[in-house]
Amino acid sequence: MFDLKKYTSTNIKNDILSGLVVSVALVPEAIAFSFIAGVSPIVGLYTAFILGLITSLIGGKPGMISGATGAVAVVFVGLGLEASDILVASGLGKEAVAMGVLHYILLATIIAGLIQISIGMLKLGKFIRLVPTPAIHGFVNGLAIVIATSQFKFFEGQGYMMYLIVAITMFIMYTLPKFTKTIPAGLVAIIAVTLVVYFTNVETLLLSGLADMSEFAGELPSFVIPQNILSLDAIIMVLPYAVIVALVGIIESLLTLSVLDELSNTRGSANKECIAQGTGNIACGFFGGMAGCAMIGQSIINYTSGGIGRLSSFVAALGLIILVVSMSGVLNAIPVAVLVGIMFMVSIGTFEWSSFSRLSRMPKTDAFVMLAVTIITIFEDLAIAVIAGVIISALAFAWKHARIFARVYTESDGTRIYELEGPLFFGSATTFADNFDIPNDPPKVVLDFKGARVMDSSGVEAIDAITKKYEDAGKNLLLRHLSADCKAILKKAGPHCTYEEDDPTYKVAYNY
């Protein structure tokens with residue numbers, strides 16, 4: 001919740017003004033993502049309000065903006081088509097089918113929220129740390145490109161005035177902060193350009209051209225229970241979509257949290273954010289909104305406009321619903337071009353330009369991961385891109401460390417000592433035996449694991465296999481400095497283990 005002790009008059013002013021900028025910027029995004037999901041624009045607007053409000057109060061990162069997003073909306077396309085086929089086959093009319101599809105989406109949203117809360121309660125949010133830095137940079141670069149290219153559709157059928165307003169907006173966004181940061185440049189651009197367009201009657205696309213906001217005047221979210229909430233068949237049908245929505249939402253939210261951590265030099269709580277996202281999505285499902293997650297574009301607008309506290313995201317959510325419910329005429333008059341210009345500047349600010357200079361200096365595997373995640377984010381999906389980045393990085397790490405070495409020497413009594421170094425796991429188990437010269441070794445051999453570590457069952461089986469080879473050769477083998485857990489699961493090699501005072505203590509990942 002709000003920590004009023006940390007607030008000064010300057011912080012309050014910055015949070016309120018930046019929140020107002022974001023509240024306006026949320027409108028076209030919420031409308032666009034509603035169209036993608038195949039629902040009324042009011043559904044996306046309710047999502048931005050409800051999810052944004054809840055995460056602003058209990059989220060893991062103050063100032064992070066949540067709402068309807070494209071990554072989640074795309075998942076609902078498949079659910080909408082499947083639900084529509086079922087409802088049409090049952091003989092329902094067009095309006096009844098549309099309402100029925102919405103109820104399937106609401107049900108999926110509630111289940112997704114429950115899954116996200118479970119992830120947070122089980123403290124699984126910490127696994128976002130497994131996403132390597134090159135993958136995060138690739139995600140940020142890809143998302144910056146997606147933010148920019150997603151604005152191109154607004155230029156279709158527009159004249160030169162659209163381009164001129166975008167250019168003026170970008171100019172204001174670029175130059176104003178050089179003179180003053182008292183008022184966010186985005187808010188100045190929105191007010192100034194809107195007033196000029198309104199009083200000069202310039203022909204350009206307005207927000208009313210996307211959706212007439214006056215239709216929703218006075219409409220506050222109301223409590224609704226999905227009609228199919230007790231239907232086992234409906235739950236089974238939406239469950240796969242709910243799981244994907246939950247995971248995509250968590251991945252995007254936690255990656256946004258990581259990006260903002262870098263911007264603010266502070267650390268947010270991943271598990272707290274999971275619980276907040278889940279709570280917000282459950283509330284959305286019961287109040288007519290679809291699932292959503294953190295929005296990196298709007299979050300960066302907020303941070304760069306000076307909004308770093310919970311008050312900024314709270315004002316953004318509250319400002320949005322006030323604009324929709326009581327100031328729809330003002331919203332209708334805002335040129336789409338000014339919002340496009342702001343998003344272009346967000347895209348430019350989001351892109352990791354320094355990653356180009358790093359490419360030539362970073363390891364080839366890291367460079368490949370960054371480029372791969374960028375490309376997959378642009379052409380496929382954020383979740384797939386991040387998972388691919390983690391897998392590629394993990395495989396590269398395994399390959400790099402897939403070797404265990406031995407320092408070999410002979411003691412005065414003729415005993416051959418193999419001092420092993422490196423991890424013994426599935427990657428290095430196949431080459432483990434290459435370190436030994438069984439035919440030419442003396443009758444007494446010691447394998448010293450003080451500088452090595454047995455990581456998994458493949459490593460355990462490799463030790464058993466080499467023990468059997470020495471047994472078959474009729475040679476006496478001793479194993480030193482293995483952990484108690486490792487000794488307990490060795491079969492062939494167990495009797496050959498010695499017990500030292502400085503034996504290490506660690507667990508082995510083993511499939512019992």
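This report looks at the nonpolar cores, two helix pairs and one glycine of the structure above. The model is a predicted one, so please read each value below as computed from that prediction.

**The cores**

Let's begin on the inside. The largest nonpolar core has 117 residues, and the members that touch the most others are L45, F76 and M290. Helix α8, which covers residues 232–264, supplies the largest share of this core with 13 residues. F76 is a good place to zoom in: leaving aside residues up to four places away in sequence, F76 touches A37, I105, A108, T109, V245, M290 and A291. There is also a second core, separate from the largest one, with 28 residues, and L420, L424, F432 and L477 are among them.

**Two pairs of packed helices**

Two packed helices can be described by the angle between their axes and the distance between those axes. Here are two pairs to find in the structure.

| Helix pair | Angle | Distance between axes |
|---|---|---|
| α2 (residues 41–58) and α11 (residues 310–326) | about 155° | 8 Å |
| α5 (residues 133–149) and α15 (residues 364–379) | about 30° | 7 Å |

How do α2 and α11 run relative to each other, roughly parallel or roughly antiparallel? An angle over 145 degrees counts as roughly antiparallel, and the angle of this pair is about 155°, so α2 and α11 are roughly antiparallel. The crossing of α2 past α11 is left-handed. On the α2 side, the contact includes L45, Y46 and F49, while the α11 side includes F314, L318 and I321. Sorted by class, the residues of this contact are 14 nonpolar, 4 polar and 1 charged. L45 also appeared earlier, as one of the residues that touch the most other members of the largest core.

The second pair gives another picture. Because angles under 35 degrees count as roughly parallel, α5 and α15 are roughly parallel to each other. In this pair, α5 passes α15 in a right-handed crossing. Among the α5 residues in the contact are H137, F139 and L143, and α15 contributes residues including V369, M370 and V373. The classes here are 10 nonpolar, 6 polar and 1 charged.

**A glycine to look up**

Finally, find G70, which lies in helix α3 (residues 70–89). Is G70 buried or exposed? Its relative accessible area is 19%, and buried means under 20%, so G70 is buried. In sequence, G70 and G292 are 222 residues apart, yet their C-alpha atoms are 8.7 Å apart in space.

Definitions and conventions: Residues numbered from 1 in each chain as written. Predicted model: local features only at pLDDT ≥ 70, side-chain atom pairs only at ≥ 80, totals over all residues. Heavy atoms only, no water. Core = buried A, V, L, I, M, F, W, Y, C linked by side-chain atoms within 4.5 Å. Buried < 20%, exposed > 50% of the residue type's maximum accessible area, 1.4 Å probe, protein only. Helix = DSSP H or I, 4+ residues; strand = E, 2+ residues; numbered from the N terminus. Contact = heavy atoms within 4.5 Å. Axes fitted to C-alpha atoms, helices over the stretch in contact; angles between N-to-C directions. Parallel < 35°, antiparallel > 145°, perpendicular 65-115°, else oblique. Left-handed = near helix turned anticlockwise from the far one by under 90°. Nonpolar A, V, L, I, M, F, W, Y, C, P; charged D, E, K, R; others polar.
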